[in-house]
Amino acid sequence: MLQNVGSVDRVIRVVAGVALIGASLFGAIGLWGWIGIVPLATGLFRFCPAYLPFGLSTCAVKTGTSSR
């Protein structure tokens with residue numbers, strides 16, 4: 001699968017997802033907190049389908065290696 005979520009983006013998504021789900025479990029917010037599954041999944045799989053139509057990627061640019 002194509003990866004289009006970089007390291008910093010990934011950490012932010014996972015932390016936000018866990019925070020939303022945790023807040024929902026502890027009753028701080030309502031059931032809508034389970035929407036945290038979306039950023040959690042996109043962070044874990046390193047793929048965001050919303051980036052595709054816009055051609056976005058937060059992955060580091062890979063540089064070619066020379067074989068000398």
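These are my notebook entries on two buried residues and on the overall make-up of a predicted model.

**Overall make-up.** I began with the secondary structure and found two helices and zero strands in the protein. I then looked up burial for the chain as a whole, and of its 68 residues 26% count as buried. For the accessible surface I noted a total of about 5,100 Å², with 71% of that area belonging to carbon and sulfur atoms. Turning to contacts with a sequence separation of 6 or more, I recorded that 63% of them join residues 24 or more positions apart.

**Glycine 36.** I located glycine 36 in the loop that runs between helix H1 (7-25) and helix H2 (37-45). Its relative accessibility is 0%, and because buried means under 20%, I entered glycine 36 as buried. Leaving aside neighbours within four places in sequence, I listed Gly17, Leu20 and Ile21 as the residues in contact with glycine 36. For leucine 20, which is 16 residues away along the chain, I also looked up the C-alpha separation from glycine 36, and this is 5.1 Å.

**Valine 5.** I found valine 5 in the segment before H1, and with a relative accessible area of 0% valine 5 is buried. Setting aside neighbours within four places in sequence, I noted that the contacts of valine 5 include Arg10 and Arg13, and also Thr42, Arg46, Phe47, Cys48, Tyr51, Thr58 and Cys59. I also checked valine 5 against leucine 44, and the two are 39 residues apart in sequence, with their C-alpha atoms 9.5 Å apart in space.

Conventions:
Residues numbered from 1 in each chain as written. Predicted model: local features only at pLDDT ≥ 70, side-chain atom pairs only at ≥ 80, totals over all residues. Heavy atoms only, no water. Helix = DSSP H or I, 4+ residues; strand = E, 2+ residues; numbered from the N terminus. Buried < 20%, exposed > 50% of the residue type's maximum accessible area, 1.4 Å probe, protein only. Contact = heavy atoms within 4.5 Å. Areas by Shrake-Rupley, 256 points an atom, 1.4 Å probe, with all protein chains shown as cover.
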